[in-house]
Amino acid sequence: MDSKTEQIQKRYDRISVIYDQLDRMMVPHWMREKTVTLARGSVLEVGIGTGVNLPFYPQDCTLTGIDFSPKMIQKARARAQKMNIEADLRQMDVQQLDFHNNLFDTVLATCVFCSVPDPVQGLREISRVCKADGQVVLLEHMRSENPLLGFFMDILNPLAVWIIGNNINRRTIENVEKAGLNIIRLENLKADIYKLIVASPIQTAQAVSQQ
Ligand SMILES: C[S@@+](CC[C@H](N)C(=O)[O-])C[C@H]1O[C@@H](n2cnc3c(N)ncnc32)[C@H](O)[C@@H]1O
């Protein structure tokens, strides 16, 4: 693990104690429900955190979850056990997934690619482990296209990174495209900041020619 990744991992270990309280203020449950109920088949949730999404998975999904923070994954395990949900939860870096290619029907992440040190590499990895006919489902917040709001997000970003290891001005749609994923559904959930993205690992001929 490189030093940048280790630094962000430690930050999440530190905030794991208060993460659920912070989360309640930031991500409403309806957004999670709308996103997570799209999951089907064998699912990999990356950056599963404390397992806040666990209650929303359809019952017929088989769930594997990873997070690089041992403290966060420990909380996710406790939540799964309390809710009697079977899930294979492992400590792992999304930038270097220890899974075969084409393994999962759904790869899902909520509010993760704002903090992954190399988001394009992480997105390439989830594309690799997703089956060719599978889906990548993301709920992410990102930099607003509004020039003034975007400017303030740029100004405040170093503070957000310092406190919670979270970039508030990532251009996540661009990153998803750079990783070669093919966006098939894009929906604004809150202003143009929180978005639902559904993508396919199959690249269009146009996307391939642009790389
Ligand atoms: C803002 S939290 C979101 C947690 C959870 N997905 C949720 O919606 O509540 C970001 C999560 O991504 C994890 N994370 C960040 N970078 C990661 C990486 N490179 N590999 C695995 N997990 C990572 C953090 O440890 C943290 O649990």
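In this predicted model, strand β4 (residues 104–110) is joined to strand β5 (residues 130–141) by six bridges, and the two strands run parallel. Strand β4 is also joined to strand β1 (residues 42–46), again in parallel, by three bridges. Because six of the seven residues of β4 are buried, this strand is largely enclosed by the rest of the structure.

**Strand pairing around β4**
- On the β5 side, Thr110 has Leu139 as its bridge partner, while on the β1 side Val43 is the bridge partner of Thr106 in β4.
- Together with helix α5 (residues 119–129), strands β4 and β5 form a β-α-β unit that is right-handed.

**Helix α1**
- Helix α1 consists of 13 residues and spans 19 Å between its first and last C-alpha, which is close to the 18 Å expected at 1.5 Å a residue.
- The buried residues in α1 are Ile8, Gln9 and Tyr12; viewed down the helix axis, the buried residues of α1 lie within an arc of 105 degrees, so they line one face of the helix.
- On the face of α1 that is turned away from this buried side, the exposed residues Ser3 and Lys10 are found.

**Surroundings of the ligand**
- The ligand is surrounded by 22 residues, of which Tyr12, Gly47, Gly49, Phe68 and Thr110 come nearest.
- Helix α1 (residues 3–15) makes the greatest contribution to this shell, giving three residues.
- By character, the shell around the ligand is made up of ten nonpolar, nine polar and three charged residues.

Notes: Residues are numbered from 1 along each chain as its sequence is written. This is a predicted model: local features need pLDDT of at least 70, side-chain atom pairs count only at pLDDT 80 or more; totals for chains, interfaces and linings use all residues. A residue is near a molecule or strand if its C-beta atom, placed from the backbone, lies within 6 Å of it. Helices (H or I, at least four residues) and strands (E, at least two) are DSSP runs, numbered from the N terminus. Ala, Val, Leu, Ile, Met, Phe, Trp, Tyr, Cys and Pro count as nonpolar, Asp, Glu, Lys and Arg as charged, and the others, Gly among them, as polar. A residue is buried if 20 or more other C-beta atoms lie within 10 Å of its own, exposed if 12 or fewer, and partly exposed in between; C-beta atoms are placed from the backbone. Two strands pair if DSSP finds at least two bridges between them. A crossover is right-handed if, with the strands pointing away from the viewer, the path from the first strand over the helix to the second runs clockwise. The expected span of a helix is 1.5 Å times one less than its number of residues. The arc is that of the directions from the helix axis to the C-beta atoms.
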